[in-house]
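Welcome, and please keep your viewer ready. This tour goes from one selection to the next and says what is there at each stop.

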Amino acid sequence: MRTYSYKDHLLLKLQELVANLGYNWSDKITLEAPKDEKFGDLALNIAMVLAKEAKQAPRTLATLFVEKIKEVEPEIENIDIAGPGFLNIKFKPSFWQSFIARVQAEKDGYGRSDYGRNRKFQVEFVSANPTGPLHIGHGRGAAVGDSLARVLRFSGFNVESEYYINDAGRQMRLLGTSVYVRILELAGKNPELPEDWYKGEYIIDLAKELLDKQPEILELERNKAEDLCFEYAKDSILAGIKQDLIDFRVFHDIWFSELSLVSSGAVKKALDELKTRDEAYEKDGALWFRSTKYGDEKDRVLVKNDGSLTYFASDIAYHHNKYERGFEFIVDVWGADHHGYIPRMKAAVEALGKPAESFDVVLVQLVNLLKNGEQIAMSTRAGKFETLADVLTEVGVDAARFMFLSRKSDSPLDFDMELVKQRTMENPVYYVQYAHARIKALFRKAEEKNFELQEIASPKYHAMLNDNDALSLLRRIAAWEEVACSAAKTLSPHHISHFLLDLAGATHSYYANNPILKTEDKDLILSRMSMLDAVRQVLANGLELLGVTAPESM
C-alpha cells in the first residue's frame, strides 16, 4: 500500500537531497500546486528558504536545485526559475498517464494509505440524549462523524465509532415524568404539570402505547410508575434513533451507556486517578478539579457537597475509560454550542497523563433548513421537516448526506430542500452523481457499438492522452491520494465533497469539449475512455467516503 501522495514522495526525495547537500530541512519549505496550471504542476520555494543558510542568492541556489532535482526525479520534464527564486516544476505527460494504470489496478482501493499505521482511533458522534427523535442538527453531526470514520479507515487507522447514551441524570428522569403526566391526562385526570417537561407529540404517543400495553400502571406508586415510563420511553426512543441512523447509512460499533460508568466503578476510578496525580482536591465538602492549572478561569466541581456528580465528572470518567480501552486518538463530534467546553476537556485529558494531541473535538454548526429559499421555522416539538427522518423522507439519504458534508462542519449550513431535489446542474449532489452515471452510460453505449473495452487497460491508449484537457483531468485523478489523506489528517471530510465537485466540473467540461463517441478514431475513443473510467472510479471512491451512492444511471 502507498503511504504518501506523489507530492509527499517528492518531498521525501527533496529532504534527502537537502541532507546530502549539507543543509538543514525547514518546515517553511512548501510544495504546492499553483492556482494556474500554466505555471506548472508544483511550485517550490526551497531556494528562497535555504538561501541564507547556503549564503547564496536565491536564484543562484535555485539553479543548483534545478539540476539536482532532475537527477532524483526523472519524471520531471522541466523546472523554471520564476521571480526571486521560485521553482515551477512540470512533470512529463507519462507521469500523469501512469495514474490510469494505478487506478485500474487498485480500483476501490485507489487513494488508500497506511498513514494511520493501524493505530487505534475512536470517533464518538451523535450521542444525543434519548429524550426525543433525532433532528437535522443531529443529522449533520451523524454525517460528519460517520464520514470521518470512513476517511480515517481509508487512511489506515483502526477506527471504532461510538455513541454515548446519556441515560443518566435529570433530563432522563424528566422524560419518565413527562410520559407519566401524559398517561394521567389520557386517563382523564388533571395532573400538575412539571416545569421544563417534554411537550412533544411523541411523548403523547409513548404514553398511549404504554397505557395500552400496561394499563395497570395507573395503580402503581408514582415513583415506580415514573421508573417504568422512563425505561419504556428511553428504550423506545433509542430504538427509533438507531433505526434513523441505519436509514441514514450511519453505523456505530459501540453503544456506551452513561449509567454503566457509575455501576462499573469507572467514575470512582477516574476521580481516584486525578486525586493520585494531585489534579483534584477536596474543599467545602466537594471535590474540585485543578482546571486553573490549565488556564481555566476557576477550578471546576467534580462531586458536589451533597455527593452528586457533575456532568464534567462523568465526562472525565468516560474519556478515562476510552483511554483504558487502548485508543491512541480520540475525537468527539460536538454541537458548536459546546465550544467553550473544549479547553476544560483537554485539560482533563492532560491531567489524566495523556498527550494533549491525542484528543480533539470536531464542532458542528447549526443547519438552516430552507424551502425555495425561505427558512423553515423550527419548534421545540417534532414538527414537519424538523426531524432527521422527515428530511430523509423528503429529499433522500444521498442528498442529505452530501449537503451536510458540503461545507466545513463548524460553518453554518443553508440546506434548501427544493434545490437538492432538482435534477439539474445547480444541485451539487446531482452534479457529482451525474458525472459518475454519465460515464457509466458512455460505456453502455460503447458496448452497444461493439468496442473492445478491455483494451483500455493497454498503456498505448494511456500514452495518447497528451492534450491539455486530458492532462488537467489526469492531474485531478493523481490528486485524489493527497485529498483523501489530507481529510484524515485535518479531520475534515468536507475536503472530499469539494474535491468531487471540482472533479465533476472538470469531467463535464471535458465532455463538452471532447465528444467521446463522435469521432471515427477508434484509438482516440479508447484512450479517452480509459481516462474516464479512472475518473469514474475516483468519483465512486470519494462518494463512498461520504456515504453517498455512485449511481449507474440517472
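Which element gives the largest share of the lining of the largest pocket? Select α11 to see the answer: this helix contributes five residues to that lining. Keep in mind as you look around that the model is predicted.

**Stop 1: the largest pocket**

With α11 still highlighted, turn to the pocket itself, which holds about 1500 Å³ of space. It is lined by 45 residues, and the closest to its centre are S127, A128, N129, H138 and H338. Show those five as sticks to find the middle of the pocket. Next, colour the elements that each give two or more residues to the lining: α5 (136–154), α6 (170–186), α11 (311–324) and β11 (329–335). If you colour the lining by class, expect 18 nonpolar, 19 polar and eight charged residues.

**Stop 2: the second largest pocket**

Now move on to the second largest pocket, with about 600 Å³ of space. Select A33, A479, E482, V483 and D502, which are the closest to its centre among the 22 residues that line it. Three elements to select here are α1 (6–20), α17 (468–489) and α18 (494–513), each giving two or more residues to the lining. The largest share comes from α17, with six residues. By class, this lining has eight nonpolar, five polar and nine charged residues.

**Stop 3: a pair of packed helices**

Clear the view and select residues 201–213, helix α7, together with residues 222–247, helix α8. Two packed helices are described by the angle between their axes and the distance between the axes. Here the angle is about 115 degrees, and the axes lie 10 Å apart. Rotate the pair and you can follow α7 as it passes α8 in a right-handed crossing. To see where they meet, show Y202, L206, E209, L210 and K213 on α7, then L228, C229, Y232, A233, S236 and I237 on α8. Sorted by class, this contact has eight nonpolar residues, one polar residue and two charged residues.

**Stop 4: confidence**

Finally, colour the protein by pLDDT. The average is 94, and 98% of the residues score at least 70. Then select residues 380–385, where the pLDDT is below 50. In the model, this stretch has 17 contacts beyond near neighbours in sequence. Where pLDDT is low, the predicted coordinates should not be read in detail.

Conventions:
Residues numbered from 1 in each chain as written. Predicted model: local features only at pLDDT ≥ 70, side-chain atom pairs only at ≥ 80, totals over all residues. Heavy atoms only, no water. Axes fitted to C-alpha atoms, helices over the stretch in contact; angles between N-to-C directions. Helix = DSSP H or I, 4+ residues; strand = E, 2+ residues; numbered from the N terminus. Left-handed = near helix turned anticlockwise from the far one by under 90°. Contact = heavy atoms within 4.5 Å. Nonpolar A, V, L, I, M, F, W, Y, C, P; charged D, E, K, R; others polar. 1 Å grid on protein atoms, 1.4 Å probe; cavity = no way out; pocket = protein on both sides within 12 Å on 5 of 7 lines; lining within 4 Å. Points joined across faces, edges and corners; volume = space filled by probe spheres on them. pLDDT = per-residue confidence, 0-100.
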